[in-house]
Amino acid sequence: MFEFLSYSFVQRGLVAGTFVAVACALLGVFLVLKRLSLIGDGMSHVCLTGVAVALLTSTSPVYMSVPIVMVASAGIMKLTQKFKIYGDAAIGIVSAAGLSIGLLLTSLAGGFNTDLLGYLFGSILTVSFSETVLCAILLMVVLACLFAFYRYLVSACFDAPFAHTRGVPVQTVNTGLVMITSVAVVLAFKVVGIFLISALLIIPPVAALLISRTFKQVLVWASAFGALSVWAGIWISFVFNIPSGAAIILVSLIILLGAYTWSKLGGVNAR
Amino acid sequence: MPSVIKAENLRFAYTRVPVLEQVSFDVQMGDYVGIIGPNGGGKTTLLKLILGLEKGEGQISLFDTPLAQFKAWQKIGYLAQKSPVSQSRFPISAEEVVLMGLPNRCGSRPSVSELKQVHEAMQRTRTREYAGTIFHDLSIGQQQRVLLARAIVSNPQLLILDEPSTALDAQSREMFFDLLGELNKKHHVTILLITHDTGEVGKHISKFMYVDKTVIFFGTKKEFCHSEAVAKHLGPFAQHTIDHLHNHHGHCPLGEACEECAHDHPHLGGPHV
């Protein structure tokens with residue numbers, strides 16, 4: 001039943017997937033509460049531009065996408081802050097730009113090929129050793145920021161204007177959150193694919209919010225749900241021979257359904 | 001008296017039409033200023049400019065320090081018009097919300113002294129019993145009292161409040177304004193308060209600021225009743241009803257000043273209208 005775990009590429013995929021899923025879940029808690037969760041969707045579409053540029057120039061899609069997605073994220077922030085455009089509209093604009101430029105470059109490169117499809121739908125078993133290390137570094141950075149700046153983050157997330165009057169650099173906190181999310185999104189496209197990245201940022205935190213009473217519980221449950229989705233998703237994809245990215249997200253949706261049912265049947269949020 | 005807030009030639013516009021212009025005033029230590037004016041007159045914008053939440057033209061100094069260089073935010077308590085989480089269920093207890101009023105630092109666990117300060121502030125606003133309750137699960141009035149505790153937890157020297165009593169019932173409102181009055185009189189906390197509840201607050205405030213695109217009037221209650229600028233803007237009847245007729249108990253909040261006004265303006269019907 002678990003003989004697939006003996007393969008080193010599976011082990012690597014599991015480890016990298018867990019790191020990315022936990023990092024996305026932790027970041028997602030803040031994004032969901034700040035109503036910025038769709039920023040992951042916008043960033044993931046911009047990933048297509050990064051992947052297309054990488055395929056055109058025969059470079060690493062991951063390393064090529066990181067700066068491109070970061071610039072796009074800065075663009076979303078700028079549109080909302082400087083030009084007073086609503087966040088969802090700014091995400092829509094940047095997302096459309098990323099997708100159209102990506103498609104244009106893909107067409108210039110001679111159309112779709114199997115490499116590109118792997119990025120669109122995820123190919124967790126092709127994660128390299130260096131990418132696994134990158135995933136570990138990402139999770140360590142996220143955890144370090146969380147432990148060091150927990151109160152700043154919660155304060156800026158709960159009530160940004162008041163946090164400003166306590167001397168919290170709200171702008172810097174937001175920028176930092178979005179930039180780290182950019183890296184997480186790029187690393188996540190290997191795990192679940194460009195189309196499903198935002199689900200890793202949204203579904204585990206939403207499920208955790210349904211069953212938690214405290215902020216720390218939300219962080220713990222969201223991380224657990226993210227990791228569980230990856231483990232169960234990979235196992236299901238092996239057993240039933242279905243795409244791993246889709247299996248991971250379907251598991252997280254089942255967890256969400258379970259959390260919702262539990263909250264309605266007498267969980268902490270039952271009213 | 002030392003200056004707490006000094007504003008010179010403030011101007012602010014969201015679009016091309018200015019919301020505020022030519023705004024200058026000097027709030028001194030111990031002042032209890034009631035900011036009044038019509039909806040859309042720029043009252044909330046003025047508070048946001050003072051707190052650096054909006055950036056406009058002109059100069060603002062807090063405790064004699066230019067706003068851009070001001071770092072001693074623990075000297076200021078702020079309570080906004082709207083509750084921060086009116087729609088979403090933010091998983092945070094009332095106690096944690098009050099803790100946010102203290103200066104932020106690294107780590108997540110509050111120290112013993114921080115918790116002591118939090119509990120004292122909650123005691124003063126009669127919210128201690130909700131300490132462990134999720135903030136979102138409290139009524140709007142209870143949330144507002146918890147937010148007042150957050151505003152005063154750092155023992156600020158300046159309190160800036162934007163229509164804080166809107167969601168409070170009569171009993172809570174009285175407690176709320178009595179607490180503000182006590183902070184002002186006993187602890188010399190300077191208070192800047194936007195309110196439409198002029199009757200209740202009139203018992204405590206020492207100065208009025210009438211804001212309508214600019215500062216029409218800034219001075220004592222007595223001066224307010226005699227101000228030609230206010231009379232020109234509001235008409236003599238409204239000028240006095242702001243202070244007198246809105247008193248729900250039927251007693252004039254101004255005492256001697258009221259008698260003087262009644263003497264000057266007999267059409268108001270005497271001191272206890």
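Here is a short conversation about a predicted model with chains A and B.

Residues are numbered from 1 along each chain as its sequence is written, and chains are lettered from A and ligands numbered from 1 in the order in which they are written. In this predicted model, local features need pLDDT of at least 70 and side-chain atom pairs count only at pLDDT 80 or more, while totals for chains, interfaces and linings use all residues.

Trainee: Which helix gives the most to the side of chain A that touches chain B?

Mentor: Happy to start there! The contact takes 22 residues from chain A and 23 residues from chain B, where two residues are in contact if their C-beta atoms, placed from the backbone, lie within 7 Å. On the chain A side, α6 (129–158), α7 (160–165) and α10 (215–240) each supply at least two residues; helices (H or I, at least four residues) and strands (E, at least two) are DSSP runs, numbered from the N terminus. With seven residues, the one that gives the most is α6(A).

Trainee: How many residues of α8(A) are buried?

Mentor: Helix α8 of chain A covers residues 170–191 and reaches 31 Å from its first C-alpha to its last, close to the 32 Å expected, the expected span being 1.5 Å times one less than the number of residues. A residue is buried if 20 or more other C-beta atoms lie within 10 Å of its own, exposed if 12 or fewer, and partly exposed in between, with C-beta atoms placed from the backbone. By that count α8(A) is mostly covered, and of its 22 residues the number buried is 16.

Trainee: Which residue in the turn between β9(B) and β10(B) has a positive phi?

Mentor: Nice one to look at in the viewer. Strands β9 (residues 207–211) and β10 (residues 215–220) of chain B run antiparallel and are joined by five bridges; two strands pair if DSSP finds at least two bridges between them. One of the bridge partnerships links B:Lys207 with B:Thr220. The two strands form a hairpin with three residues between them, and the turn residue with a positive phi, about 70°, is B:Lys213.

Trainee: Is B:Asn9 buried or exposed?

Mentor: B:Asn9 lies in strand β1 (residues 3–13) of chain B and has a positive phi of about 50° although it is not a glycine. Because there are 12 other C-beta atoms within 10 Å, B:Asn9 is exposed.

Trainee: And B:His188, buried or exposed?

Mentor: B:His188 sits in the loop between α5 (170–187) and β8 (190–194) of chain B, with a positive phi of about 55° although it is not a glycine. Its C-beta neighbours inside 10 Å number 11, so B:His188 counts as exposed.
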